[in-house]
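Colleague: I've got a few minutes before my next run. Can you walk me through this model?
Modeller: Sure, let me put it up.

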Amino acid sequence: MSAPLAERQAADGLRHDWSREEILELFGLPFNDLLFRAQQVHRAGFDPNAVQISTLLSIKTGACPEDCAYCPQSAHYKTELDVERLLPVEEVVAAAREARARGASRFCMGAAWRSPRDRDLEPVLEMVRAVKAEGLETCLTLGMLSEAQVARLKAAGLDYYNHNLDTSPDFYGEIISTRTYQDRLDTLRHVREAGINVCAGGIVGMGESRADRAGLLQALANLPRHPESVPVNLLVRVEGTPLAEVEPPDPFEFVRTLAVARLLMPKSYVRLSAGRESMSDELQALCFLAGANSIFYGEKLLTTGNPDTDQDRRLFERLGLKPL
Ligand code: SAM
Ligand code: DTB
Ligand code: SF4
């Protein structure tokens with residue numbers, strides 16, 4: 001029998017009982033105070049100059065039945081996107097080898113599904129086994145999963161599963177109508193209970209309020225266990241999606257979100273995720289100072305652009321960062 005919630009929460013020595021007000025207080029600190037605190041917590045848990053790097057590949061692109069308002073892959077919106085069926089395993093392995101040669105330690109494969117059909121899962125499991133055999137950690141993001149599907153992923157040796165809460169429970173209905181917040185929490189629970197590492201985060205810049213950003217971080221930090229990896233994406237505004245014209249947030253607000261994520265989840269890798277292409281090197285340096293310690297590396301995210309690897313290598317050199 002599993003322990004009562006309170007005991008499980010105490011067991012890892014981390015807090016899982018953050019109130020919205022406490023989180024908003026952190027958001028409201030003077031910028032220098034917030035960054036100083038976040039950097040202190042970061043140093044207590046991590047090598048401050050090491051950044052984990054993962055490479056992404058879209059293994060099935062577009063024609064997704066969900067209506068996520070930010071997403072170029074939703075079939076509900078008319079975006080310029082080449083729809084692609086599930087890639088052959090050999091093509092995925094070739095991309096993984098290239099990613100490893102460039103220095104990535106984890107390979108993340110994403111599919112534009114609401115949830116995988118059981119018959120689609122077998123080739124994906126083969127990808128996991130083959131990518132692992134190349135000496136890389138594996139991560140998948142395939143949408144919603146049942147317990148039985150999660151068990152199959154675990155048996156194939158999957159290291160991480162990415163599934164985002166995206167925003168606060170309050171703002172969520174403005175962004176997605178085809179699946180509920182609870183559906184997402186259920187998938188995260190299945191992944192956690194199967195013993196697969198959890199990667200869960202969200203998006204900043206969708207027109208949400210600071211209270212919504214706090215609400216997203218509250219939902220993540222108050223999970224029974226913190227996700228091992230917390231991607232914080234800056235919205236990539238894609239023409240044809242309902243959010244194409246939304247006003248970008250103040251860049252310092254994005255940095256604050258990373259810093260508060262670091263304070264709430266001191267042992268998690270906080271990923272400076274989508275949106276780096278539109279950021280200056282100076283802004284990215286502030287993100288690392290705020291406690292971000294992982295990125296996506298490689299010229300493409302799933303369907304949109306990411307900085308050139310040469311540019312990232314130079315940035316790491318200039319900042320004295322070492323890739324993990
Ligand atoms: N279909 C699966 C799902 O939704 O879980 C997996 C792929 S989906 C593209 C993975 C995540 O990418 C989304 O949850 C969202 O947080 C992020 N994402 C998608 N489009 C984005 C955009 N335009 N800007 C920033 N992040 C985005
Ligand atoms: C996550 O939080 N961000 C990544 C990964 N998890 C799968 C995806 C970002 C996608 C950005 C839009 C695109 O390239 O299609
Ligand atoms: Fe589909 Fe995932 Fe895009 Fe939502 S975020 S439309 S589920 S691919």
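Colleague: How does the shell around ligand 3 divide into nonpolar, polar and charged residues?
Modeller: There are five nonpolar, one polar and two charged residues around ligand 3. Here Ala, Val, Leu, Ile, Met, Phe, Trp, Tyr, Cys and Pro count as nonpolar, Asp, Glu, Lys and Arg as charged, and the others, Gly among them, as polar. Before you go on: this is a predicted model, where local features need pLDDT of at least 70, side-chain atom pairs count only at pLDDT 80 or more, and totals for chains, interfaces and linings use all residues. Residues are numbered from 1 along each chain as its sequence is written, chains are lettered from A and ligands numbered from 1 in the order in which they are written, and side-chain values use heavy atoms, with hydrogens and water left out.

Colleague: Which residues are around ligand 3?
Modeller: C64, E66, C68, Y70, C71, S74, A112 and R179. Being near a molecule takes a heavy atom of the residue within 4 Å of it.

Colleague: And what space does ligand 3 take?
Modeller: Ligand 3 takes the largest cavity. A cavity is a set of points, on a 1 Å grid over the protein atoms alone, where a 1.4 Å probe fits but cannot get out. Sitting in one means that more than half of a molecule's atoms lie within 2 Å of its grid points.

Colleague: Where does ligand 1 sit?
Modeller: Ligand 1 sits in the largest cavity. Its shell has nine nonpolar, five polar and two charged residues.

Colleague: Which of the 16 residues around ligand 1 come nearest?
Modeller: Y70, T141, N164, D166 and V236.

Colleague: Any polar contacts there? What is the distance from D166 to ligand 1?
Modeller: A side-chain N or O atom of D166 is 2.7 Å from an oxygen atom of ligand 1. A polar contact is a pair of N or O atoms within 3.5 Å. N164 has a polar side-chain atom 2.9 Å from a ligand 1 oxygen. For R179, the distance from a polar side-chain atom to an oxygen of ligand 1 is 3.3 Å. On its own, ligand 1 has 560 Å² of accessible area, and the protein covers 91% of that. Areas come from the Shrake-Rupley method with a 1.4 Å probe.

Colleague: Back to D166. Is it buried or exposed?
Modeller: D166 is buried, because its relative accessibility is 3%. Buried means under 20% relative accessible area, exposed over 50%, and partly exposed in between (1.4 Å probe, protein chains only). D166 lies in the loop between β4 (160–162) and α7 (172–175). Those elements are DSSP runs: helices (H or I) of at least four residues, strands (E) of at least two.

Colleague: What is phi of D166?
Modeller: Near 75°, a positive value in a residue other than glycine. Most residues other than glycine have a negative phi. A63 also has a positive phi, near 60°. A63 is in the loop between β1 (50–60) and α4 (89–101).

Colleague: Now ligand 2. Which of its 13 residues come nearest?
Modeller: N164, N233, L302, T303 and T304. The shell has six nonpolar, seven polar and no charged residues.

Colleague: What are the side-chain distances to ligand 2 for N233 and T304?
Modeller: A polar side-chain atom of N233 is 2.8 Å from an oxygen of ligand 2. T304 also places a polar side-chain atom 2.8 Å from a ligand 2 oxygen. The protein covers 87% of the 410 Å² of accessible area that ligand 2 has on its own.

Terms used
A polar contact is a pair of N or O atoms within 3.5 Å; within protein, one must be able to donate a hydrogen and the other to accept it, and residues adjacent in sequence count only if both atoms are side-chain atoms. On a 1 Å grid over the protein atoms alone, a cavity is a set of points where a 1.4 Å probe fits but cannot get out, and a pocket is an open set with protein on both sides within 12 Å along at least five of seven lines; lining residues have an atom within 4 Å of a point.
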